[in-house]
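Thanks for taking a look at this one with me. Here is a short set of notes to read alongside the model.

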Amino acid sequence: MISLIIFYIISALVLIGSAGVIFSRNIVYAAFSLFLALLGTAGVFVLLLAEFLAIVQILIYGGAVVTVILFALMLTKIDDFRSLSNINYWPVSAFLSLIVLITLILGVSQAKINTQNLGLVKFNDFSNDLFEYWGIPFEIASLVLLVALIGAIVILKDKGNDS
Amino acid sequence: MGVNLAYFPPVICGISFILTVFFTRKAPLISSLISVFAILSSFILFIFILIDFLSPNLNSIDFSIDWIDVLDTRISWGILLDSLSVTMLGLITLVALLVQVYSISYMKGDSRFGWYFSVHSLFAAAMIAVVLVDNLLLMYFAWELVGLGSYLLIGFWYEKRAASEAAKKAFITTRIGDVALLIGIILIFKSTGTFNISSIFHIANNGGINENILTISTFLIFLGAMGKSAQFPFHVWLPDAMEGPTPVSALIHAATMVAAGVYLVARMMPLFSLAPYVLDFVVFIGLFTFIFGGTMAIVMHDIKRVLAYSTISHLGLMMLSLGFMGIASAIFHLIVHGVSKALLFLGAGSLMHEMEGETDIRNMGGLVNKMPITAITFIIGSVSLAGIIPLSGFFSKDEILLTVFEKGGILILFLTLIGAFLSSLYMFRLTFITFFGSLKSDNSKIGESPILMTLPLILLALLAIFMSALLLEISTFKGFIFFISGYKAHLNLLLIVFSSILSFVALILAWFIYIKDSKYLTDWFKLNMNCFYKLLLNKYYIDELYQYVINQIVLRFAQFIALFDRLVVNDIGVDKSSLSVKSLGLKLKFIQTGKMHGYAISMVIGFLILIFTWAIL
Amino acid sequence: MIELIHIQILSALMFCIGVYGVITRRSAILILMCVELMLNAVNINLIGFSAFRDFSQNQRIFGHVMIVFIITIAAVELALAIAIILRLYKNKSSVNVDEVDLMKW
Amino acid sequence: MDLIKENILILTILLPLIGASLIFITPGHLNNIIKYISLVVSFITFIIVILIFIFYDINSGGVQLLWNWNWLSLKGAWPLGSEGISLNLGVDGISVMMVLLTGTVMLTGVMASWNIQSRNKDFFVLYFLLLAGVFGVFISYDMFFFFFFYELSVMPMFLLIGYWGSSSDFRTFIRTKEYAAMKLTLFLVAGSVLIWVAIIAIFVQAGLGTFNLLEIQKVVDDKFPLFFQQVNFLMIIIGFGILAGMWPFHTWSPDGHVAAPTSVSMVHAGVLMKLGAFGIIRIGMALLPEGANSLMPLLMILGCVNVIYGAFSALGQTDLKYVVGYSSVSHMGYVLMGLASMEHLGLTGAVYQMFSHGIMTALFFLAVGAIYHSMHTRDILILKGIIKKMPYASIFFVFAGLTSLGLPGLSGFAAEILIFLGVFKSYGSLGVLFGSLAVAGAGITAIYILRLVSKVFFGRPDQNINNILDTTKFENMAGIILVVLILFGGLYPLPFIDMITSGVTPILNNILGAL
């Protein structure tokens, strides 16, 4: 019961954070709302007994992603944010997303998976699997990261004087 | 010894072919010796086989090599030895032997001397296989190889455009018949499940083949025989085939390959006898070709072409006999005609050899003094073919006339006699123009041919004289005819007298026209027969007709298809459709506005559509 | 107790907020943030499915592994996207996606 | 020896790949070394191929020399099933013949490309890649890798034709090599889309979680309903039919043959077109027997059209290579008819025709390539009397021509006669009609081949053409290898026929059992 209450609180945090991202007029506020939402997600992870992933979430999202976004905000000086906020035909978008939401919820309710037994995925099992069966994809993922790193540098590097 | 070695002749000749093609290309003389040796040993083997065959306790031959074996369908090489095939084997090996010996001298100095003998070996192997093999499909196998040998030998001097065209014409014309033959063979296979000739006869005699199928397939087989034996609509290749070396004409286009068609019909006679309509057709074609070929032979100026049309005509006579189921008489005539015609061709070759390739008989004349051996043997050959009484040609022709008289009635007999008359007439015309009269060319160097060429001539001439006696055994009427069909020959005096009179009339007529040069007769002919003469000289315009059909219909159709393929299938079907995709793309590209929100919204809409489709399904 | 449906609804809501953001926001950086929101929604969904015993051990571990990969890919995507945005800003002095339509026909 | 025997199949794929990598690391200016590496590699492959022929035990039949490597093995979470994807190699009688064909054409192709002038390093790398793909298709018993190798063999073709090919100017129109290469690739890719769809459909419908053909074959009767089989078989025959030059999807093939350089034409017409017919047998007939049963008449009609239409088109051409190209279309028609006859004789003949036509057409292109190289033209109306100038090339051409018109004693006859018998025996009186048309097609073939031979090779050569080089000694060797195979295959086809029958019988019994 308590966990349910905590879940509701955390959900509220997540949703508020998300709403902040899409509604706030100030872009820095939006970034901080995103941080809130991400932290909330980590909370959900903890509630569902996935501590390791929660830590990863906080480290990568809370630590890295939001920081990078803030850096991006700092590097792009925007004078008139108001003109940059929302497009004019937002009701259409709102309608569309509402339909998506309804669809998803309908789909979820159709699924009829109703279970309550929370269970822990043992960290040992998880890591064994990750490095045994998913070893090669995991290594490839690291390669992808490396490539992305190099790619980002290449994209941002000035090519001589032509810019 | 004997029949158990029956598979040796084709094998020996085949080995000789391989040896001469691959190993002795640098030494043409050795090639020729190998080839002659192979055919000589085949002939000796034939004698052994014959002796064995005539002895009362004949062993059955168990010889079989699988060629193809798919589940229950087995096609294997085997030997079928009966009087028919033994006879043919004798004819083939003998004539081939003599022709090859002759060729050593005739072809001396040719740049492809070795190759000539290689092909002769190939041809001999294939031809012997045709008559010996016991399997219809493999008979077709050898049959086509015979065609190949003929193609290579006709086109032997391929630098001459005419020779290569003639070779092509011969192969394609016979090939058209062969298509029919193959279909016929496969049809028989479809209903009997076997290619083995004796099994097929067994099944057919027990009514195992549907009557319609039997009629159709024998008809198709006969078409194949018509192609090889140059019967009426397919006869056009044989005169052109004279572009090849003359000994080749003697071997292939007189005695052996063209006889294959007759042999095939004789061999398949148990099937033909069950198909009366086809037999009627055989009679019709044979009779027509007999007269048709004779008319053209009368007017030709080229010595080899006269002989070629004469061959066509006599093959028609054999077919006629076969149409009345007279196997024995047909084969008898085949042998006699083969020997005589080979003699004539070799004689013509001897003439050409001395006259530096001259073939037009109008430029010859009076050669009887210059080349006595050639002249005498040639005359013996033509008299034999003209059917003058003591020579073998008379007896064989008479045997056929008798068959026709007994089975066909008086009308067909009458038409046959017309053909026989024509046959005598052109033979005498040829002899008179060529050997008698005045010497046309003032070439005094003309002399007798070398011994290697005259020896075969003499041998063949002796055969042409005495063969009937050998084969017919006049005293007892128990000879060759009996050998083939167990049926005693008998002579009809009335017929003998009548046909002899006809031959003599022809002799006298020819004498008047060509030696005496009687003004009255020639004028009459010139006045009344001019357009007919022109028609004959142009071979009834059949070559032109075929050429027209090929050029205007077949080739036009092919060009149309080629153009259709390029313009319709490729340019419209393929290129246009790819171009339409391209133009569609050019139109559709304007959907790409570059606005990110448009893309995002379409993504969401697409996602929704997918979801709903899935949900509905 | 927490049920799967709660988590799923949370995930759906967060996802739709992300979708709305992506199709309404003009600033490239904000769009990027919204994409992150959507990815997190997916993560929540995945963790929801792998948290319950009723699925087999393998499937549950599979969910966790997937989350690891998604986070990795998200990081990669972010790094590249930010690089592109900065490059865009250098060239155009703006991060408004409406002004970038070089990719049209 | 046992070690070789166990791994012999993978060697056929690995050796070309090794050859390709060896050539890849050789500096490009060492032309001769590159050529000799190619020659040695292809010769070893040829020996391996002959060993496969020897190792295969005809009496026990079935799929032999199995070889397996688990390429992608995943736990239960993997949605495609527990087995993952593995490289299953194996040969039956049909594959053995096809592998023998490929090895021969590969060796002779290398010999024929001795005078490639530019960038021969890249040429041979692509050539070996292509052949690795071809070998892979013939010996894969796994649909995934079947398709993988199929694509591998199609793709290098584009570059090989597009760069090393030659454009032709026909006065009224021009066929550029780029056009031919592009058309060929697009056609084949379009076909492979259909094939891939059918393969996935079979995979999903079988529900075994494996692409292994042998496993899927066992559940065919239970899992595949008739309609499913018909739809998929249709896709299979169109998809593979495109590669087999089936009318009306044949137009890529003459253009491709004409534009391609000699050795690529040899491989292309000799081996690559066989992949199509092979695919119809291996996937279509083996996995979809009832579909095959109900749709074979369609294939029979199309094959018959191929035979007649191809022969007439060839008769109407004026370019040597186009004649040969259309004759390929015509001869592949025989293969299709043999397949469609659904008779032991016909199917055996079809496979034997694939073999025989491969050898024969390689010889054809070898000769035409040499003639074009020396005379700089392929126009029938211009060429004459070549046999004086280039005896070897001419003899090779005439020999191939005689094979193609079905002369007994050469392999073409043995193959065609089996097809004729099969077609005649099938479909009752309709079979007689189709069979007669097929035999007539052989007659038309005789017409166009002999017309061409008499025009181009015989007669007096032009006096003003001098210094004509005949074939090189390597080309002669290649030609002689092919000639010997043709002769052997025609005079004594029994070992080959036995081999094919052992492979054909189970497939056909399966189909006839499904009736």
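The numbered points below walk through the chains, the cores and a few single residues.

1. A word on conventions before we begin: residues are numbered from 1 along each chain as its sequence is written, while chains are lettered from A and ligands numbered from 1 in the order in which they are written. Please keep in mind that this is a predicted model, where local features need pLDDT of at least 70, side-chain atom pairs count only at pLDDT 80 or more, and totals for chains, interfaces and linings use all residues.

2. Let's start with chain A. It has six helices and zero strands, where helices (H or I, at least four residues) and strands (E, at least two) are DSSP runs numbered from the N terminus. Along the sequence, the pattern reads α-α-α-α-α-α. Of the 163 residues in chain A, 29% are buried. Here a residue is buried if 20 or more other C-beta atoms lie within 10 Å of its own, exposed if 12 or fewer, and partly exposed in between, with C-beta atoms placed from the backbone.

3. Contacts in chain A come next. Two residues are in contact if their C-beta atoms, placed from the backbone, lie within 7 Å. Among the contacts in chain A with a separation of 6 or more, 47% join residues 24 or more positions apart.

4. Chain A is also split into domain 1 (1-80) and domain 2 (121-163), with bounds that come from an automatic or database domain assignment. Taken over C-alpha atoms, the centres of these two domains of chain A are 23 Å apart.

5. How many residues do chain A and chain C each bring to their contact? Chain A gives 71 residues and chain C gives 64 residues. On the side of chain A that touches chain C, the elements giving two or more residues include α1 (2-23), α4 (90-111) and α6 (135-156). That side divides into 53 nonpolar, 16 polar and two charged residues. In this count, Ala, Val, Leu, Ile, Met, Phe, Trp, Tyr, Cys and Pro are nonpolar, Asp, Glu, Lys and Arg are charged, and the others, Gly among them, are polar.

6. Now for the cores. A nonpolar core is a set of buried Ala, Val, Leu, Ile, Met, Phe, Trp, Tyr and Cys residues joined through C-beta atoms within 7 Å. The largest has 407 residues, and B:V265 and B:A342 have the most contacts inside it. Helix α14 (residues 344-375) of chain D supplies the largest share of this core, 19 residues. Another core, apart from that one, has 78 residues, including A:L38, A:F45, C:I44 and C:L86.

7. Two residues that are not glycine have a positive phi: A:L49 at about 65° and D:L65 at about 55°. A:L49 is in the loop between α2 (27-47) and α3 (51-75) of chain A, and counts as partly exposed because it has 15 C-beta neighbours inside 10 Å. D:L65 belongs to strand β1 (residues 64-72) of chain D, and its 21 C-beta neighbours inside 10 Å are why D:L65 counts as buried.

8. Please look at D:P248 too. A cis peptide bond, with omega about 0°, joins D:W247 and D:P248. D:P248 sits in the loop between α9 (226-243) and α10 (252-259) of chain D.

9. Finally, is D:N120 buried or exposed? D:N120 counts as buried, because 21 C-beta neighbours lie inside 10 Å. D:N120 is in helix α4 (residues 120-139) of chain D. Leaving out residues up to four places away in sequence, D:N120 touches D:N31 and D:I34.
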